[in-house]
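Work through the exercises below with the sequence and the model side by side. Each one opens with a task and is followed by a solution in steps.

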Amino acid sequence: MVGYVETLTDPSYRGQIVCLTYPLIGNYGVPDRNVLDDIGLPTHFESDKIQVAGLIVQEYSGDYSHWNASSSLGAWLKEQGVPAITGVDTRLLTKRIRDKGAMLGRLEVDGAGGELAMQDPNTRNLVDEVSIKAPKVYGAGNPHKVLAVDCGMKNHIVRELVQRGAEVKVVPWDHDLASERDWCVCFLRHASVAVCLCLVCPRVLTWTAVDAHLDVVVCPCCAVLCCAVLCCALLRYDGLFISNGPGDPAKCEKLVMNLRGELQVPDADVKPVFGICMGNLITGLAAGAPSGKLKFGNRGHNQPVIDERTNQAYVTSQNHGFAIDASKLSSEWEPLFTNCNDSTNEGIMHTTRPYFTAQFHPEATGGPEDTRFLFDTFMDMIKTGHQGRVPSGPSAVSHRPNVSKVLVLGSGGLSIGQAGEFDYSGSQAVKALKEEGVKTVLVNPNIASVQTNEMDHRSEHQADTVYFMPVTADFITEIIKREKPDGILCSMGGQTALNVGVELYQRGVFEEHGVQVLGTPIDVVMATEDRDLFSEKLHEINEKLAASVAVSTVDEAVRAAQRPDIGFPCMVRSAYALGGLGSGICKDEAALRAMAKQSLTLSPQILVEKSMLGWKEVEYEVVRDAANNCVTVCNMENFDALGVHTGESVVIAPSQTLSDKEYHMLRTTGCV
């Protein structure tokens, strides 16, 4: 659905016919091909042309809608002479591939005549086809020098490195890596000082002798002990990067040999090494492990992997048909990442040196941004001169609550802010707790809800005890005294349950009776419900938001609206309110006074903020577990622009007119 612009220009797809399984493709068109970024790369593309051999979609959208589009997808494909077909049952095609494995294919035109021979792209050296032909430097003048071997490197990889302070020298895949050293010859005749003359550049270095009676000196640049007449290498780079690329890694034997030499340098010459996709395969071969063709391969935007050191899960973007056999690695290497679906290797690392790889794409286009921190890891090792084992990333910390009886605050009356989704989520919560052997007590005054309609005990997932009582602080306090639960769920009953949870927390009821709040902590609920506090929290994590002021009187609301960064029309939002009750857009002071007066009867606090009237409205549904794993369940795009209440607008799920960059930027924001 998204990412087709990035996918089609990704050199890793060279020689492949790509089948996009989402039923509708082309919605957001294609941006301008001529726009370059500040380092001279095409802003919206991963290379300078479409790399795929062909494209297959079920349904093509000739009518596109996006502020940044300059043409349709079809016009772009035609412009570059790449064949594409629509009207294909992509689900059936996917089933065939899942049954038979990845297979050769071709696109035929009716009436073309003749028999076309199948071509196997893996018999070609695809890396040689897409690699740069001469070295090129990006981010010239940046303080940290990265030598990047281009096996089909995506433009965004270069951007990620340059943005982190690297001067990136991109070299062809078969570049002689040993040539990136200044070779020196040392002369010593039993003196206390040795003179080192560089044979590559006109540089003379003075070395200090370790012992005046021995032909031994120590190099001030690399701290290596050298004999009297000896060659010494001074590296021209601070870190080595091996990029992504297409095809069979065994075709890159020259690169494997070159990299093996760099991995086996003396300890004093060690520099950080990072490989992505093909870079993982090449590094694995250089480390002595064999590679092999996968029956299916791993392709797509949502491939889960596990960090073997921390047990943290990541959702990744991938496109590869080969894998290394990590079980054949020498004792100096170990697996770093593993695919959760087929248990194939997704990355390796050296046990004592700063060498590591990832089979997936942390550069985030097209696909999730979950693993961008790997670029930080690489650059931090370069900046600090790190020469030891690769430091661990974020850890998966999960503290499983020890509870035996849980009070579930139910959905109550169905209305905006606590509608049918809370009835469903509450019933699923009861089911999950029962499956874990936890006793449940449900409080729900609505006898017509799903949570309470199994009173004849036919359902094994029904709550052990049900109270048809109002969800208020006083009633819940009495139920806690009677049932003595050691846990409570406040986040499954909508706004009413949240408000009651906050009140009980502030009264000290939970602490007094030893009740543990499960799910979203109360202090987080308070931070999201208090409009002013929520705004402060967003500022702390550098999230952009409209200018706003929290007020508690009508006059304060008017003064806030008169600020130059807010003005009229302005937006009024009530805190602790059901489904936006008491919120709306005010065109002038009279409307603001009327709205503020009404809102302050419902809530002690309102937020006056700059109006976003007319902006696109997009919603994301995100689930986060105790180990900080986040899953975007779905996202929705409102047919109407901001200004029409969501409950009265047509909502389309998933979003239809977002680019890959926008889609995953919002996904990342939702998971911060």
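**Exercise 1. The loop before α8**

In which loop is the place of Gly366? Having found it, describe the peptide bond that joins Thr365 and Gly366, and then examine Ala364.

Solution. The model is a predicted one, and in it Gly366 lies in the loop that runs between β21 (355–358) and α8. The peptide bond joining Thr365 and Gly366 is cis, with an omega of about -20°. Ala364 is found in the loop between β21 and α8 as well, and its phi is near 80°, which is a positive value in a residue other than glycine. For the last step, compare its accessibility with the cut-off: buried means under 20% relative accessible area, and Ala364, at 2% relative accessibility, therefore counts as buried.

**Exercise 2. The span of α8 and what follows it**

Check whether the distance between the end C-alpha atoms of α8 agrees with the span that its residues should have, list its buried residues, and look at the residue just after the helix.

Solution. Helix α8 covers residues 373–384. The expected span is 1.5 Å times one less than the number of residues, so the twelve residues of α8 should span 16 Å, and since the end C-alpha atoms are 16 Å apart, the two values agree. The buried residues of this helix are Phe373, Leu374, Phe375, Thr377, Phe378, Met379, Met381 and Ile382. Just after α8 comes Gly385, which takes a positive phi of about 70°.

**Exercise 3. How α5 meets α8**

Determine how the axes of α5 and α8 are arranged, and name the residues through which the two helices meet.

Solution. Begin with the axes: those of α5 (residues 155–163) and α8 come within 10 Å and cross at roughly 50°. Angles under 35 degrees count as roughly parallel and 65 to 115 as roughly perpendicular, and α5 and α8 are therefore oblique to each other. Their crossing is right-handed. On the α5 side the contact is made by Ile157, Glu160 and Leu161, and these meet Phe375, Phe378 and Met379 in α8. Sorted by class, the residues of this contact are five nonpolar, no polar and one charged.

**Exercise 4. How α11 meets α13**

Repeat the analysis for α11 and α13, starting from the angle at which their axes cross.

Solution. The axes of α11 (residues 494–507) and α13 (residues 522–529) come within 10 Å and cross at roughly 120°. Angles over 145 count as roughly antiparallel and 65 to 115 as roughly perpendicular, and α11 and α13 are therefore oblique to each other. The crossing of α11 and α13 is left-handed. In α11 the residues involved are Gln495, Leu498, Gly501, Val502, Tyr505 and Gln506, which meet Ile522, Val525, Met526 and Glu529 in α13. By class, the contact of α11 with α13 has six nonpolar, three polar and one charged residues.

**Exercise 5. Two further loops**

Locate Asn542 and decide whether it counts as buried or exposed; then find Pro569 and describe the peptide bond that links Phe568 to it.

Solution. Asn542 is placed in the loop between α14 (531–540) and β27 (548–551). Its phi is near 60°, a positive value in a residue other than glycine. At 68% relative accessibility, Asn542 counts as exposed. Pro569 is in the loop between α15 (554–561) and β28 (570–574), and the peptide bond joining Phe568 and Pro569 is cis, with an omega of about -5°.

**Exercise 6. Two buried residues and their contacts**

Which residues does Val82 touch, not counting residues up to four places away in sequence? Treat Ser427 in the same manner.

Solution. Val82 belongs to the loop between α2 (73–79) and β5 (84–85), and at 12% relative accessibility it counts as buried. With sequence neighbours up to four places away left aside, Val82 touches Ile50, Val52, Ala53, Gly54 and Leu77. Ile50 is 32 residues from Val82 along the chain, yet their C-alpha atoms are separated by 7.6 Å. Ser427, for its part, is in helix α9 (residues 420–435) and counts as buried at 14% relative accessibility. With the same kind of neighbours left aside, Ser427 touches Val450 and Gln451.

Technical notes: Residues are numbered from 1 along each chain as its sequence is written. This is a predicted model: local features need pLDDT of at least 70, side-chain atom pairs count only at pLDDT 80 or more; totals for chains, interfaces and linings use all residues. Side-chain values use heavy atoms; hydrogens and water are left out. Axes are lines fitted to C-alpha atoms, for helices over the stretch in contact, and angles run from 0 to 180 degrees between N-to-C directions. Helices (H or I, at least four residues) and strands (E, at least two) are DSSP runs, numbered from the N terminus. A crossing is left-handed if the near helix is turned anticlockwise from the far one by less than a right angle, and right-handed if clockwise. Contact means heavy atoms within 4.5 Å. Ala, Val, Leu, Ile, Met, Phe, Trp, Tyr, Cys and Pro count as nonpolar, Asp, Glu, Lys and Arg as charged, and the others, Gly among them, as polar. Buried means under 20% relative accessible area, exposed over 50%, partly exposed in between (1.4 Å probe, protein chains only).
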